[in-house]
Amino acid sequence: MAQICIGAPLSTGGNGSSINTHHHGNLWDDDFIKSLKSPYEALQYHERCETIIEEVKHLLLSEMMKDGNPDDLMKRLQMVSIFECLGIDRHFHHEIQVALHYVYRFWNELEGIGVGSRDSHTKDLRATALGFRALRLHRYNVSSAVLENFKNENGLFFHSSTEEEEEVRCMLTLLRASEISFPGEKVMEEAKAFATEYLNQVLTRVNMDQSLLREVRYALDFPWHCNVPRWEARSFIEIFGQNDSWLESTMNKKALELAKLDFNILQSAHQRELQLVSRWWSQSDIAQQNFYRKRHVEFYFWMVIGTFEPEFSSSRIAFAKTVTLMTILDDLYDTHGTLEQLKIFTEAVKRWDLSLQDRLPEYIKITLQFFFNTSNELNAQVAKIQERDMSSYIRKAGWERYLEGYMQEAEWMAARHVPTFDDYMKNGKHSTGLCILNLYSLLLMGQLVPDDILEQIHLPSKIHDLVELMARLVDDSKDFQAKEDGGEFASGIECYLKDNPECTEEDARNHLIELLNLTAMELNWEHLIKQDGVALCLKKFAFEVARGLRFIYKYRDGFDYSNKEMKEQITKILIDQVPI
């Protein structure tokens, strides 16, 4: 994502750069990607998967039909939680809906629920927190005020059990529930702070059940807004697989068997898609321009960790191609083009006129040709899916808006001007590129998206504005030191410090983090509660793009430094099969 360079001029010609780039080379050899082959493409594994799904459904029906089950509410909620953690919930939509409808029948807005319908007057914090999280995630409009019922006279949360392990599980559930918060919910902030402090202390205990400790550590390391579905599934396959007491249940054993098989089958499909992206890249002229970053594998990973379902294959491939192209433009506008060359490039896009390439040096001609080839290819795919030509809209609402953001930053850069924080953030949302990145992917998800729906999920919608804002805040809050070391000084932090000279860098960073947390809560509301005509898969995609970015930036800028944690994560999700 583009940043403003203050204190270093734009490239003065050729393809040289006056900025100290800090990017490493490509980590994923195209021949290696081409060599990936999984046995789980075979029909026998798909058939086995369908068989296990039916076996699990039969076990569920038998369990739920038992008379006199004293913990029927808790069992249903645990089933929903397990399926979601293992990434197999899409196979059980009906069963989950029935289970949550049953739970909601006994839900008390003031007091919550007990562990079972027969003791629904004896409320339980763990059952209530588990129910609250599941209901809210499935778009039941439940109030967080229910948690007030579980605070003592000192304002501290309490649980009735005296067993240490049960108390830990209760606080773990409370933490996970508190993360599904909306703006202004003070009790959720209190619950999160209380549970986080408690669970951090749990990690220091030496005689705690190791499987439970792994769950606690995961919850603290990957809170809701960076807990992407594929990473969660891969992690909980390991966590549950090491829990012998959990595996004593036939239902749990079957669920784990299904999760492993399903993960490997999906991974085999994802590998085929990745090979298509890799071949597209390696066969293009732009691949020979060695001064551009090569991150097509990392960009495919960004989308697949959140939107992984088989039916969204075209959307994933388009996402990877688009963000790869965007990164080339990012490098061009940040580092490898003069201001005059960038103006010509931007004008060529606005006119959609390749003839302007004659005024550009050879390496930028190649870039412009790659831009037009990729854009026209994607526009043709969109026209086929949407049953209309949308190239004009895509150019104006996507590419022009994006490149105008870059040009503004280039002009600030050339003038060595640090803008106000508000001006920077307004333009910075444009230069994230999400206006074009999300647009192509949304239009290729297999849903017809008429203009009135497009306005509710893309520009000028609130959810799109929040995703752009989150992307800018995530990038700036993590990337400031690296940009400064490379000669690029003006980020949101630098602009905030200019506006507030009495503040320290830590103050500025904390301000960005506060904005990021508020944005996350507002995004929860738009994603889970707001009523409109937008298909849920489109909302979920937008949400997962934002969540995936926070996952990738958890430790550092995972795109610039993908040779660290991100390389290991890609290996676990896209390369290594789950042992069965």
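**Exercise 1.** How many residues apart are Trp399 and Tyr402 in helix H15 (residues 391–415), and about how many helical turns separate them?

*Solution.* Let's start with the numbering in this predicted model. Trp399 and Tyr402 are three residues apart in H15, which means about one helical turn lies between them. An α-helix has 3.6 residues a turn, so residues three or four places apart point the same way. Next, look at the rings: their centres are 6.2 Å apart and their planes meet at 45°, so this pair is tilted. Finally, check accessibility: Trp399 and Tyr402 are both buried. The two residues also belong to one aromatic cluster, whose members include Tyr406, Phe371 and Phe372.

**Exercise 2.** Find the helices that hold Phe301 and Phe551, and classify their ring pair.

*Solution.* The model has 35 aromatic pairs by the centre-distance rule. In the pair of Phe301 and Phe551, the centres are 6.5 Å apart and the planes are at 45°, a tilted arrangement. Now place them: Phe301 sits in helix H11 (residues 296–304) and Phe551 in helix H22 (residues 536–552), so the pair links parts of the chain 250 residues apart. Phe301 and Phe551 are both buried.

**Exercise 3.** Compare the expected span of helix H14 (residues 362–386) with the distance between its end C-alpha atoms.

*Solution.* H14 has 25 residues, and at 1.5 Å a residue it should span 36 Å, because the rise is multiplied by one less than the number of residues. The end C-alpha atoms are 36 Å apart, so the two values agree. Just after H14 comes Glu387, with a positive phi near 60°.

**Exercise 4.** Which charged residues sit over the rings of Tyr102 and Tyr555?

*Solution.* For Tyr102, the charged end of Arg76 is 3.9 Å from the ring centre. For Tyr555, Lys554 lies over the face, 5.2 Å from the ring centre.

Key
Residues are numbered from 1 along each chain as its sequence is written. This is a predicted model: local features need pLDDT of at least 70, side-chain atom pairs count only at pLDDT 80 or more; totals for chains, interfaces and linings use all residues. Side-chain values use heavy atoms; hydrogens and water are left out. Helices (H or I, at least four residues) and strands (E, at least two) are DSSP runs, numbered from the N terminus. Rings of Phe, Tyr and Trp (its six-membered ring) pair if their centres lie within 6.5 Å; planes under 30 degrees apart count as stacked, over 60 as edge-to-face and the rest as tilted. Buried means under 20% relative accessible area, exposed over 50%, partly exposed in between (1.4 Å probe, protein chains only). A charge sits over a ring if NZ of Lys or CZ of Arg is within 6 Å of the ring centre and within 35 degrees of the ring normal.
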